[in-house]
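Work through the exercises below with the sequence and the three-dimensional view side by side. Attempt each task before reading its solution.

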Amino acid sequence: MAKKRNYSESFLKYGFVPIVSDGIEKPQCVLCMKVLSVESMKPTKLNRHLETKHNDCKDKDLSSFERKANFLKRSRMDSSGVFQQQNRASVEASFQISLRIAKAKKPHTIAEELILQPAKDINRMLIGKEAESKLNILSLSGNTVQSRISLMSEDIKDQVIDQLKSADPFALQLDESTDVSSCSQLIAFVRYIHNGVMKDEFLCVIALPSRTRVEDSYQTIDTFFRENDIK
Ligand SMILES: [Zn+2]
């Protein structure tokens, strides 16, 4: 039987607090709010998340994680409050709009200029001033949109990696391309069976060193697999 893993106070030094989800205690990152699986409740896995996802924070002292943990606990406590609910709806809307921008391959800046402003105009003209001011809580700056898109793409990558780990075997296809600044990029696609369904997924794109021999491509993808614990 698998060993039951419990949260320990010492895990805060990796930036994790406990959260009960589906009746099970799991680790939650105070930096990106991500809830990891119960199997990840051990120092090596938590430290790996910290080093790979938040490398710039890995040398932060404990008090900085404590502050973030307190903020996270406070925001959990009033999760039933009106402010939280409004806040939640506005964050969700901002993610939804960012997803549409990414799918349409449009610049991040159009959210503010060509989505938010016209939406305010429409609300004001068709519904009224109050409806227009409701949109003021929407955060749609270029930076916000960019970070929402990065978060969603990280999440998709994590899901594909999780599915790959449980798929055995899987097929890998590599391609090489050159971007607008003439840098070589390695692109990886995977094919595997998940829950009885054949899936084709884009896995990652990684910049290659200037000389691109077969060995370089192999090295690059091998490092990616090792970093993500894919065997
Ligand atoms: Zn994190």
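The exercises that follow treat the sheet, a helix, the cores and some loop residues.

This is a predicted model, in which local features need pLDDT of at least 70 and side-chain atom pairs count only at pLDDT 80 or more, while totals for chains, interfaces and linings use all residues. Residues are numbered from 1 along each chain as its sequence is written.

**Exercise 1. The sheet**

Determine the order of the strands in the open sheet of three strands, and state which strands stand at its edges.

Solution. Begin with the terms: helices (H or I, at least four residues) and strands (E, at least two) are DSSP runs, numbered from the N terminus. Two strands pair if DSSP finds at least two bridges between them.

Step 1. S3 and S4 are joined by eight bridges in the antiparallel sense. Within this pairing, leucine 172 is opposite valine 190 of S4.

Step 2. Strand S4 (residues 184-194) also pairs with strand S5 (residues 197-207), again antiparallel, over ten bridges. Isoleucine 193 has methionine 198 of S5 as its bridge partner. Two residues lie between the strands of this hairpin, where asparagine 195 takes a positive phi near 50°.

Step 3. The order is therefore S3-S4-S5, with antiparallel pairing. Strand S3 (171-178) and S5 are the edges: each has a single partner strand, so one side of each lacks a neighbour in the sheet.

**Exercise 2. Helices on the sheet**

Find which strands helix H6 touches, and decide whether helix H7 lies largely buried or in the open.

Solution. Angles run from 0 to 180 degrees between N-to-C directions of axes, which are lines fitted to C-alpha atoms, for helices over the stretch in contact. Contact means that the C-beta atoms of two residues, placed from the backbone, lie within 7 Å.

Step 1. Helix H6 (residues 142-166) packs on the sheet and touches S4 and S5, its direction making about 50° with that of S4.

Step 2. H7 lies across S3, S4 and S5, at about 50° to S4.

Step 3. A residue is buried if 20 or more other C-beta atoms lie within 10 Å of its own, exposed if 12 or fewer, and partly exposed in between, with C-beta atoms placed from the backbone. Of the 14 residues of H7, one is buried, so the helix lies largely in the open.

**Exercise 3. The nonpolar core**

Identify the residues of the largest nonpolar core.

Solution. Such a core is a set of buried Ala, Val, Leu, Ile, Met, Phe, Trp, Tyr and Cys residues joined through C-beta atoms within 7 Å.

Step 1. The eight members are Tyr14, Phe16, Val17, Cys29, Val30, Leu46, Leu50 and Phe65. Strand S1 (16-21) and helix H1 (43-53) each contribute at least two of them.

Step 2. Beyond its neighbours within four places in sequence, valine 30 is in contact with residues including Phe16, Val17 and Phe65.

**Exercise 4. Loop residues**

Classify methionine 33, lysine 34 and lysine 105 as buried, partly exposed or exposed.

Solution. Step 1. Methionine 33, in the loop between S2 and H1, is exposed, with 12 other C-beta atoms within 10 Å. Its phi is near 70°, a positive value in a residue other than glycine.

Step 2. Lysine 34 is partly exposed, because it has 16 C-beta neighbours inside 10 Å.

Step 3. Lysine 105, in the loop between helix H3 (82-103) and helix H4 (110-127), is exposed, with 6 C-beta neighbours inside 10 Å.
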